[in-house]
Amino acid sequence: MLGLTCIDVDGTLVGSSNEVLPQVWAAAERVVAAGMHLCLSTGRPAFGRALGYAERLDPHGWHIFQNGASIVNVGSGESLSEGLPHDRLLELVATSRRLGRILEVYTDKEYAVDSTDQRAVDHAALLGVPYVQRDPLSLSGQVVRAQWVIPIDEQAALMAEPHPGLSLHPAGSPAMQGTMFVSVTREGVSKGSAIHAVAARYGLSADQVMMVGDGENDVSALQVVGYPVAMGNAEPAAVAASRYRVGHVDAAGLAEALELAMTLP
């Protein structure tokens, strides 16, 4: 049995219903009871629905949020998070205001968005928090990530724009089809870098870890672990980075991956 399995949220833990299937929770409970650590590894922040998922998977463990920018022990509150450079943040906010493009700005515990676009409102509901219009520069505490929320057909153009000193992590959600979420973190920060940090906290190396994901933002994690698993609904880049393939998220493919983790050395 593996000691640690990392789990993406959108397209892996939750599907088109934005809910976790009962058979997935049952499989998670079985592997935890057997002694395996489960670590959420998501682009979502450490509040709202994602925090609830993390607490149910492991209420005393380490979890990866915000594409690796936010690494939090949900039991103790300890954080290993890395901040977004302030000058880069100011540039992102200026670009957002100039173009009228939705930009969300996050700390470990809260976020701000000043757009009233319906996508911003719908994303708050997806996150499981009330929509509140707020100046992105008004947050207190360390800003760890920004995120562009755009129509999916604008992804290629945005990814081609210069973001010096930053890394971009695009991802979609089955619950908001037609929308792309492009996380912006400090350069070099990713789910992959975060997995190394979490594995070390458990006395493991990354080659002793399973990662289950479906999106382009999971590739950095799939590439560093010893047991990379792609969902049946995974994007081609995630499939190419994986060794194993399981069922579709809406057919409880994650439960299949967790059972596989129980059989591996």
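**View A. β10 and strand β11 (residues 227–230) run parallel, paired over four bridges.** Two strands count as paired if DSSP finds at least two bridges between them. Strands (E, at least two residues) and helices (H or I, at least four) are DSSP runs, numbered from the N terminus. Look for Met210: its bridge partner in β11 is Tyr227. Keep in mind that this is a predicted model, where local features need pLDDT of at least 70 and side-chain atom pairs count only at pLDDT 80 or more, while totals for chains, interfaces and linings use all residues. Residues are numbered from 1 along each chain as its sequence is written, and side-chain values use heavy atoms, with hydrogens and water left out.

**View B. Pull back a bit, and β10 and β11 turn out to belong to an open sheet of five strands.** The order is β2-β1-β10-β11-β12, and the pairing is parallel. At the edges stand β2 and β12 (244–245). Each of these two has a single partner strand, so one side of each has no neighbour in the sheet.

**View C. Helix α6 (residues 191–201) has a buried set made up of Lys191, Gly192, Ala194, Ile195, Val198 and Ala199.** Seen down the axis of α6, the buried residues fit within an arc of 150 degrees, so they line one face of the helix. That arc is taken from the directions running from the helix axis to the C-beta atoms. An α-helix has 3.6 residues a turn, so residues three or four places apart point the same way. Buried here means under 20% relative accessible area, exposed means over 50%, and partly exposed is in between (1.4 Å probe, protein chains only). The cover over the buried residues of α6 includes β1 (4–7), β2 (37–40), β3 (62–65), β4 (70–73), β10 (209–213) and α7 (219–224).

**View D. Now for the two ends of α6, with Ser190 at the start and Gly203 just after the helix.** A side-chain oxygen of Ser190 comes to within 3.2 Å of the backbone nitrogen of Gly192. Past the other end, Gly203 takes a positive phi of about 70 degrees.

**View E. β3 and β4 run antiparallel, joined by four bridges.** Trp62 and Ile64 point one way from β3, His63 and Phe65 the other way, and all are buried. Phe65 has Ser70 in β4 as its bridge partner. The hairpin has four residues between the strands, and Gln66 takes a positive phi near 55 degrees there.

**View F. Phe47, Tyr106 and Tyr111 make up one aromatic cluster.** A search of the whole structure turns up four aromatic pairs. The ring centres of Phe47 and Tyr106 are 6.4 Å apart with planes at 20 degrees, so this pair is stacked. It ties together distant parts of the chain, 59 residues apart: Phe47 is in the loop between β2 and α2 (48–57), and Tyr106 is in strand β5 (residues 102–106). Phe47 and Tyr106 are both buried. Phe47 also forms a stacked pair with Tyr111, at 6.0 Å centre to centre and 20 degrees between the planes. Tyr111 sits in strand β6 (residues 111–112), 64 residues from Phe47, and Tyr111 is buried too. Rings of Phe, Tyr and Trp (its six-membered ring) pair if their centres lie within 6.5 Å; planes under 30 degrees apart count as stacked, over 60 as edge-to-face and the rest as tilted.

**View G. Two arginines lie over rings: Arg145 on Tyr106 and Arg101 on Trp148.** Arg145 is over the face of Tyr106, 4.1 Å from the ring centre. The charged end of Arg101 sits 4.8 Å from the ring centre of Trp148. For a charge to count as over a ring, NZ of Lys or CZ of Arg must be within 6 Å of the ring centre and within 35 degrees of the ring normal.

**View H. Ala46 is tucked into the loop between β2 and α2.** Its relative accessibility is 11%, so Ala46 counts as buried. Setting aside neighbours within four places in sequence, Ala46 is in contact (heavy atoms within 4.5 Å) with Leu51, Phe65 and Asp108. Gly128 is 82 residues away along the chain, and its C-alpha is 11 Å from that of Ala46.

**View I. Helix α5 (residues 155–160) holds Gln155 and Ala156.** Which of the two is buried, and which exposed? Gln155 has 18% relative accessibility and so counts as buried, whereas Ala156, at 62%, counts as exposed. Neighbours within four places aside, Gln155 is in contact with Ile150, Pro170, Met180 and Glu216.

Conventions:
Polar contact = N/O pair within 3.5 Å; in protein donor to acceptor, adjacent residues only side chain to side chain.
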